[in-house]
Amino acid sequence: MQPAITVLTHSCSDVRHPSVLLQTKDGKRYIFGQLGEGFQRSLVQHKTKSTKLSGIFLSGSLRWSQVSGLPGYLLSLAEVHKISEIHGGLYEKTNRMIASWKHFTFHTPLDLSPASPSSFRDENISVESVILGSNGSESASFIVQLLPSRGKFLVSKAKALGVPAGAMYGKLSSGESVVTPEGRKVEPHEVVGPSPTPCRVLILDLPTQGHVQAASNHKWDLQLKRKRDGESEYDVNVSGIYYFLGSDVNVNSADLASIAAKYPNAHHFVSHPSTSPDYMTLTKLLKLQNALRQVIPDSVPRPYEAKAQALLPAPFIPVKQNDVTGYATSDSVKYVANEGEEENECSPKNNLKDTEPTVVTLGTGSSAPSNYRNVSSTLVRVPTTNGARALLFDCGEGALNTLKRLYGPDGLRKRLHEIDTVYISHMHADHHLGLLTFIRHWQAENKGSLNLLGPAAIYKFASAWESIDVEEVDLNRLNFVDLESFIVGSGYSNKDSDRNLPTEIFQNLGFSLQTCRAVHCDRSYSCVLDYDLPDGETFRVAYSGDTRPNKYFAQLARNCNVLIHEATHEDELLDDAIAKRHSTISEALGVGRDMMAENIVLTHFSQRYPRLASVQNLNFPAPTCFAFDGLHIAVSGMRKLQESIGAISDVIARLDLEEEGSK
Ligand SMILES: [Zn+2]
């Protein structure tokens with residue numbers, strides 16, 4: 001196998017940050033770039049394996065958004081393959097980043113340490129970081145050297161020197177010397193052909209035009225020529241340059257062209273919003289949503305997609321890297337999305353009525369993201385006399401990306417104006433890793449403060465990032481309230497937790513909130529919210545978070561209009577549900593029955609049920625909806641959705657058959 005570099009992610013709505021994978025001759029893998037939200041899901045979509053992963057190298061400035069896909073990825077990875085070091089070009093920041101994860105990785109300690117890539121060298125590659133600064137902001141780029149490998153073993157030469165076929169061939173080809181039966185010592189270099197020319201690749205992470213200028217002034221040749229320990233001097237030939245460009249960078253600038261001109265023989269690959277098409281890269285999810293739209297068209301909006309605005313300018317060469325996520329011009333990208341249809345500003349405005357409450361299930365899977373289900377997040381949108389207002393129940397990794405994909409750039413802006421509160425049920429990583437990105441975008445779009453309701457640890461985590469990167473997180477514009485403060489009654493609560501809260505916080509919320517402890521992990525919560533509607537009615541919505549069935553919760557949220565309950569497992573996996581402190585589908589329905597809920601939305605399904613869990617032999621106490629990612633559930637439409645469940649099962653079965661057939 002030849003060493004190869006594959007583009008893993010590029011700047012689009014699903015991931016937003018660029019990364020590449022280097023695979024060596026013997027299958028060792030190294031990741032370079034920014035691991036933003038959606039990184040892990042992108043690997044799943046493209047069946048990129050993480051076995052033999054030998055290094056992660058973080059380029060760029062290590063803003064939260066550039067590394068927010070990393071902790072979720074490492075937590076999933078830890079079950080099969082532990083990584084012990086993270087190579088951050090910015091060593092000190094890498095160290096602090098890893099320290100900040102302690103607020104949610106206590107269940108699965110990662111035992112990680114930061115390492116400086118300036119000294120990285122193993123038997124396959126050496127990596128040197130180059131830190132470029134502009135206006136006080138540093139960004140790390142990398143010079144990657146594939147170390148020369150031994151030439152091909154030549155049987156004819158070995159024979160001529162009297163080496164007998166068999167074990168001695170193996171020793172020589174793996175670099176050991178041998179002694180022939182005639183007593184002649186044969187060295188490996190005597191029996192191999194010439195080594196392949198070593199190859200060198202630059203990863204240039206240039207977030208601003210200032211960084212481009214710094215890179216154009218940098219003495220790359222001096223650094224490339226420098227002889228390092230144990231290395232012979234190589235010529236300065238660079239075979240490939242990957243440019244990870246920030247959105248403000250001018251891809252036609254003279255500075256950028258001058259870097260490229262220095263290496264006329266190199267291949268140049270550019271990742272920039274203007275050159276990377278924004279097609280939906282999660283094509284499997286798209287197929288599922290297209291199929292669902294045949295049955296429940298009003299509830300499954302078509303996602304937003306956009307072509308790249310410009311073609312790649314010379315001297316950059318448009319190269320098709322892989323089918324979907326390559327840095328390529330739009331016409332060379334193969335995609336299944338909405339074939340034959342016009343570029344669209346999507347249509348869910350039709351589905352979001354301003355006259356009644358709507359639940360939008362953004363992420364409906366548990367633990368790690370899969371092709372069909374992202375991690376937890378649910379939007380609840382409620383009409384007011386003055387437009388709509390909305391709240392996010394949990395904010396798993398990629399929640400903001402999903403909003404962008406559903407509503408397009410303009411629609412996302414509208415949603416950010418409507419959302420005034422984010423509620424985090426507990427500190428498991430699949431429920432909050434999208435929060436800090438969401439806060440930053442929310443703050444950029446709004447003037448006031450965002451209400452954040454959650455366990456105390458979520459605020460500590462946000463504070464840790466504020467001290468790492470004050471531009472990423474501004475706690476001054478966050479009204480944080482510990483969910484412990486809203487606990488009502490005894491239940492699982494601590495009796496003296498009924499603390500006095502400043503009344504203005506309650507007034508700011510604009511709804512009343514009551515919580516009880518969930519039966520899940522320490523400091524996990526279930527809640528009920530009451531909204532006053534313009535017609536004088538009250539809209540009561542209950543959210544379980546992750547929990548075993550809980551009778552206190554059923555009492556607390558009695559007669560709610562909508563219960564959103566986790567239903568991680570099918571009924572036959574009750575033992576798993578008990579062991580992991582989750583609920584089965586029938587248990588969740590049972591809570592709905594005890595609660596006398598008018599409608600039930602089931603979500604947070606185990607990734608064992610990638611599309612739909614079994615819906616046979618269930619008793620529904622109220623109209624019930626099985627959530628899918630991106631579903632719009634108007635409260636008045638719940639009964640119709642439940643009646644469609646048979647047709648949905650059929651459509652999914654057909655999709656399964658098609659997929660089987662294409663294998
Ligand atoms: Zn959990």
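## Exercises on a predicted model

At 0% relative accessibility, tyrosine 30 counts as buried, where buried means under 20% relative accessible area, exposed over 50% and partly exposed in between, with a 1.4 Å probe and protein chains only. The model is predicted, so that local features need pLDDT of at least 70 and side-chain atom pairs count only at pLDDT 80 or more, while totals for chains, interfaces and linings use all residues. Residues are numbered from 1 along each chain as its sequence is written, and side-chain values use heavy atoms, with hydrogens and water left out.

**Exercise 1.** Classify the ring pair of tyrosine 30 and phenylalanine 120.

*Solution.* Begin with the rule: rings of Phe, Tyr and Trp (its six-membered ring) pair if their centres lie within 6.5 Å, and planes under 30 degrees apart count as stacked, over 60 as edge-to-face and the rest as tilted. A search of the whole structure finds 18 aromatic pairs. In the pair of tyrosine 30 and phenylalanine 120, the centres are 6.5 Å apart and the planes stand at 70 degrees, so the pair is edge-to-face. Next, place the partners along the chain: tyrosine 30 belongs to strand E3 (residues 29-33) and phenylalanine 120 to strand E7 (residues 120-121), 90 residues apart; strands here are DSSP runs of E with at least two residues, and helices are runs of H or I with at least four, numbered from the N terminus. Phenylalanine 120, at 12% relative accessibility, counts as buried. Finally, one aromatic cluster is formed by Tyr30, Phe32, Phe57, Phe120 and Phe142.

**Exercise 2.** Determine which helix gives the largest share of the lining of the largest cavity.

*Solution.* A cavity is a set of points on a 1 Å grid over the protein atoms alone where a 1.4 Å probe fits but cannot get out, and its lining residues have an atom within 4 Å of a point. The largest cavity is lined by 21 residues, of which Asp14, Arg41, Leu282, Leu285 and Thr402 lie nearest its centre. Two or more lining residues come from each of helix H1 (39-45), helix H10 (283-295) and helix H11 (399-418). The largest share, 4 residues, comes from H11.

**Exercise 3.** Compare the settings of serine 367 and asparagine 617.

*Solution.* Serine 367 has a positive phi of about 50 degrees although it is not a glycine, and this serine lies in the loop between strand E15 (358-363) and strand E16 (377-384). For asparagine 617, phi is near 55 degrees, again a positive value in a residue other than glycine, and the loop in question runs between strand E25 (600-603) and strand E26 (624-626). Turning to accessibility, serine 367 is partly exposed at 48% relative accessible area, whereas asparagine 617 is exposed at 78%.

Note on methods. On a 1 Å grid over the protein atoms alone, a cavity is a set of points where a 1.4 Å probe fits but cannot get out, and a pocket is an open set with protein on both sides within 12 Å along at least five of seven lines; lining residues have an atom within 4 Å of a point.
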